[in-house]
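Open the structure in your viewer and keep the selection box to hand. Each stop below says what to select and what is there.

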Amino acid sequence: MKSPFDEMHGPSAEVREQYRRYKAWLDRQPGATMQARREEAEMIFRRVGITFAVYGAKDEDAGSANGGTERLIPFDLIPRVIPKHEWVEMDAGLRQRVTALNRFIHDVYHDQEILKAGVVPTEQVLNNSQFRKEMMGVSVPGNVYSHVSGIDIVRAAGVEDPADTSGKYYVLEDNLRVPSGVSYMLENRKMMMRLFPELFSVHRIAPVAHYPDLLLETLRGVAPAGVNEPTVVVLTPGMYNSAYFEHAFLAQQMGIELVEGQDLMVRDGFVYMRTTQGPKRVDVIYRRVDDDFLDPSVFRPDSTLGCAGLLDVYRKGNITLSNAVGTGIADDKSIYPYVPQMIKFYLGEKAILHNVPTYQCRQAEDLKYVLAHMGELVIKEVHGAGGYGMLVGPAASKAEIAEFRAVLKADPGNYIAQPTLALSTCPTFVDSGIAPRHIDLRPYVLSGRTVQTVPGGLTRVALKPGSLVVNSSQGGGTKDTWVLED
């Protein structure tokens, strides 16, 4: 694996332009001061209750109400800094990509033009477990399905050209169902401003605190036709879900109700929530519950997390679900390789953000290559998330590779494989001092009447030395992400 791109330092150890003022400040900070700030941050996060429940679920925010081990997501004091010109290009690529993905979802549930044209194999869509036949022909406001998208971005050098050391940005995966983590982006910024206010007077850092306002604006903007003052709620699986803190946080920040399935009911073709003043009609549900658990009369009959009859109201156009039912068809990893072609098909444009080269194990030649190079590749389940169901070849033992080989050969269509990327590193304050750790970035894209982002996103960091797995469920931490405005 090639040496990773260093976010702070250039090839000759020179400090990159965007980090110069910060690095000069950091060099003046005693280690004891930084340690004290780290302990202060941990105390505050614990007091506020910013925790994440770690358990065996594959979906990061899936819909399970089962409890797990509560722990803090480690917060790192050293920010990830992105210069303005890089963000401008990334922002354009994110908007382009999410626009095309929303066009694709609408198409596959209506005319299926992309399938007829042979751009995406029909069987990859219609036989996919994430394809919801119940959504065929269902109209949604503005033809927008993924109102909140989390696009995972990595930076790596030499992926397409071994001689290229510039460190390009790549999309690693698209999260269009119930992407989580935005509350940590917001809390990380608040924490940095509290601990190091002087840094924000010498750097022009793009704000992120207005995200809840943009989110509420987006949700209100996709209310059913004819609703002028929509009632918006956040639907949570409950307090034992891994991302419950975020559900409660966002509801509080937007000034709307946080509800569970038992708080909702269907009457006369509409959805109502129970209140102390009696039933109140609901127009938009920002749901943090997976498709399977939304309506026990249509999907899983044993679910107590949703509301019976919800899908019937949805089909009639009397409720908006955000994100829409069936968005998973577009973030499935077996569909990911076709996104550049989607952008060309729907928008007539070349993709601004590149995909990581991907082997589709359902294809005989790709499978043959993957089986011969398992020790060099990252192999992922097409429906997996949170770092589960995957093999990181260079970090796996011979026994682990042999075991995974048997699983792969038994069901090759359930897997893709990608080169093991040397994810970029960023200096991180760890127990031994300041050391490089691998990072990724999850920007959040809001799609409603317009497509909007807030600058930056959630930077996740693999805290174990050499680890490439940044997921919170696998021990990763987070950093504040600074997009410079000058």
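Two rings of Phe, Tyr or Trp count as a pair here if their centres lie within 6.5 Å; for Trp, the six-membered ring is used. Keep in mind throughout that this is a predicted model.

**Stop 1: aromatic rings**

Select Y22, W25, F196, F200 and W482. Ring pairs link these residues into a cluster. Over the whole structure, a search finds 13 aromatic pairs. One of them joins Y359 and Y369. Show both side chains. Their ring centres are 4.7 Å apart, and the planes differ by 20°. Planes under 30 degrees apart count as stacked, and the Y359–Y369 pair is stacked.

Now colour by secondary structure. Y359 sits in strand 14 (residues 359-360), while Y369 belongs to helix 13. The two are ten residues apart, and the pair links distant parts of the chain. Are these tyrosines buried or exposed? Neither: Y359 is partly exposed, at 23% relative accessibility. Y369 is also partly exposed, at 31%.

**Stop 2: helix 13 against helix 14**

Stay with helix 13 and select residues 364-372. Add helix 14, residues 398-410. Two packed helices are described by the angle between their axes and the distance between the axes. Here the axes come within 11 Å and cross at roughly 170°. Helix 13 and helix 14 are therefore roughly antiparallel. To see the contact, show L367, V370 and L371 on helix 13, then R405, L408 and K409 on helix 14. By class, four of the contact residues are nonpolar, two are charged and none is polar.

**Stop 3: helix 2 against helix 6**

Select residues 31-48 for helix 2 and residues 182-195 for helix 6. How do the axes of this pair cross? They come within 11 Å, at an angle of roughly 135°. That angle makes helix 2 oblique to helix 6. The crossing of helix 2 and helix 6 is right-handed. On helix 2, show the contact residues R37, E40, A41, I44, F45 and R47. On helix 6, show E187, N188, M191, R194 and L195. This contact holds five nonpolar, one polar and five charged residues.

**Stop 4: helix 8**

Move to residues 211-221, which form helix 8. How many of its eleven residues are buried? Eight are, and the helix is mostly covered. To see the buried set, select Y211, P212, L214, L215, L216, T218, L219 and G221.

**Stop 5: backbone details in the loops**

Most residues other than glycine have a negative phi, and most peptide bonds are trans. The next three selections depart from that pattern.

- Q112: phi is positive, about 55°, although Q112 is not a glycine. Look in the loop between helix 3 (84-108) and helix 4 (113-116). Q112 counts as buried, at 16% relative accessibility.
- N143: phi is again positive, about 55°, and N143 is not a glycine. Find N143 in the loop between helix 5 (122-126) and strand 4 (148-156). N143 is partly exposed, with a relative accessible area of 38%.
- S322 and N323: a cis peptide bond joins them, with omega about 0°. N323 lies in the loop between strand 12 (320-322) and helix 11 (328-331).

Notes:
Residues are numbered from 1 along each chain as its sequence is written. This is a predicted model: local features need pLDDT of at least 70, side-chain atom pairs count only at pLDDT 80 or more; totals for chains, interfaces and linings use all residues. Side-chain values use heavy atoms; hydrogens and water are left out. Buried means under 20% relative accessible area, exposed over 50%, partly exposed in between (1.4 Å probe, protein chains only). Helices (H or I, at least four residues) and strands (E, at least two) are DSSP runs, numbered from the N terminus. Axes are lines fitted to C-alpha atoms, for helices over the stretch in contact, and angles run from 0 to 180 degrees between N-to-C directions. Angles under 35 degrees count as roughly parallel, over 145 as roughly antiparallel, 65 to 115 as roughly perpendicular and the rest as oblique. Contact means heavy atoms within 4.5 Å. Ala, Val, Leu, Ile, Met, Phe, Trp, Tyr, Cys and Pro count as nonpolar, Asp, Glu, Lys and Arg as charged, and the others, Gly among them, as polar. A crossing is left-handed if the near helix is turned anticlockwise from the far one by less than a right angle, and right-handed if clockwise. Rings of Phe, Tyr and Trp (its six-membered ring) pair if their centres lie within 6.5 Å; planes under 30 degrees apart count as stacked, over 60 as edge-to-face and the rest as tilted.
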